[in-house]
Amino acid sequence: MIQATVHYDESQRIDSFQITGHADSGEYGQDIVCAAVSVLAITTVNGLQRVAQIPIDVENRNQAGGFLEVHLPPKLEATTELKGQAILQSFADGLRDVATNYTDFVTYHKVTN
């Protein structure tokens, strides 16, 4: 099962997220749930780095049972912050939708620090 956790700070700013595990909803290469979560995660990381130009901290260990963790810097310029939060909120909404539709394969957790 995939466990997705999105961390919010006290001002409801998304400051990090973590995805672990594998969906195992189909054969390797045919797993649509894994593909959906992977596309959301990869697009989010690329958007944060390339579009918003945020120097995020990324840890990825696919061989260790599937693991991705992303942390944003604590302070960003206002326009950069707005871009990053728009990307991250879209990501969180997408993850929540996948988890709602595939409850046997994905869990979504919102954690407020």
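**Charges, rings and strands: a working chat**

Student: What does the charged end of Arg-61 sit over?

Tutor: In this model, which is a predicted one, the charged end of Arg-61 sits over the ring of Phe-67, at 4.1 Å from the centre of that ring.

Student: And which side chain does Arg-61 meet in a salt bridge?

Tutor: The partner is Glu-59, and the N to O distance between the two side chains is 2.3 Å. Arg-61 counts as partly exposed, because its relative accessibility is 37%, and Glu-59 is likewise partly exposed, at 32%.

Student: How many salt bridges does the structure hold?

Tutor: The structure holds three salt bridges. Besides the one between Arg-61 and Glu-59, there is a salt bridge between Arg-13 and Glu-81, whose closest N and O atoms are 2.6 Å apart. Arg-13 lies in the loop between β1 and β2 while Glu-81 lies in helix α2, so this pair ties together parts that are 68 residues apart in sequence.

Student: Is Arg-13 buried or exposed?

Tutor: Arg-13 is buried, with a relative accessible area of 10%, and its partner Glu-81 is buried too, with 16%.

Student: OK, what about Arg-96, which side chain does that one meet?

Tutor: The side chain of Arg-96 meets that of Asp-93 in a salt bridge, at 2.3 Å from N to O. These two residues are three apart in helix α2, which means that about one helical turn separates them. Arg-96 is partly exposed at 31% relative accessibility, and Asp-93 is partly exposed with a relative accessible area of 31%.

Student: Changing topic: how many aromatic pairs come up?

Tutor: The count comes to one aromatic pair. The rings are those of Phe-17 and Phe-91, with centres 4.3 Å apart and planes at 45°, so the pair is described as tilted.

Student: Why tilted, though?

Tutor: Planes under 30 degrees apart would count as stacked and planes over 60 as edge-to-face, with the rest called tilted, so an angle of 45° for Phe-17 and Phe-91 makes a tilted pair.

Student: Where in the chain are Phe-17 and Phe-91?

Tutor: Phe-17 is in strand β2 and Phe-91 is in helix α2, which covers residues 78-101, and the pair links distant parts of the chain, 74 residues apart. As for their surroundings, Phe-17 is buried with a relative accessible area of 2%, and Phe-91 is buried with 2% as well.

Student: How many residues of β2 are buried?

Tutor: Six of the seven residues of β2 are buried, so the strand is largely enclosed by the rest of the structure.

Student: What does β2 pair with, then?

Tutor: On one hand, β2 pairs with strand β1 (residues 2-8) in the antiparallel sense over six bridges, and there Thr-5 stands opposite Gln-18 of β2. On the other hand, β2 pairs with strand β4 (residues 67-71), again in the antiparallel sense, over five bridges, with Ile-19 standing opposite Leu-68 in β4.

Student: How many residues come between β1 and β2 in their hairpin?

Tutor: There are five residues between them, and one residue in the turn, Gln-12, has a positive phi of about 70°. Gln-12 is a residue other than glycine, and it counts as partly exposed because its relative accessibility is 40%.

Student: Which loop holds Gln-53, and what is its phi near?

Tutor: Gln-53 lies in the loop between α1 (32-51) and β3 (57-60), and its phi is near 55°, which is another positive value in a residue other than glycine. Gln-53 counts as exposed, because its relative accessibility is 62%.

Student: Back to β2: how far away is the nearest side chain of opposite charge from Asp-15?

Tutor: Asp-15, which is found in strand β2 (residues 14-20), is buried yet has no salt bridge, and the nearest side chain of opposite charge, that of Arg-13, is 5.1 Å away. A salt bridge would need a nitrogen within 4 Å of a carboxyl oxygen.

Student: What is Asp-15 in contact with, leaving aside its neighbours within four places in sequence?

Tutor: The contacts of Asp-15 beyond those neighbours are with His-7, Tyr-8, Asp-9, Val-70, His-71, Leu-72 and Asn-113. Tyr-8 also has Lys-110 lying over its face, at 4.6 Å from the ring centre.

Terms used: Residues are numbered from 1 along each chain as its sequence is written. This is a predicted model: local features need pLDDT of at least 70, side-chain atom pairs count only at pLDDT 80 or more; totals for chains, interfaces and linings use all residues. Side-chain values use heavy atoms; hydrogens and water are left out. Helices (H or I, at least four residues) and strands (E, at least two) are DSSP runs, numbered from the N terminus. Buried means under 20% relative accessible area, exposed over 50%, partly exposed in between (1.4 Å probe, protein chains only). Lys and Arg count as positive and Asp and Glu as negative; His and the chain ends are not counted. Contact means heavy atoms within 4.5 Å. Rings of Phe, Tyr and Trp (its six-membered ring) pair if their centres lie within 6.5 Å; planes under 30 degrees apart count as stacked, over 60 as edge-to-face and the rest as tilted. A charge sits over a ring if NZ of Lys or CZ of Arg is within 6 Å of the ring centre and within 35 degrees of the ring normal. Two strands pair if DSSP finds at least two bridges between them.
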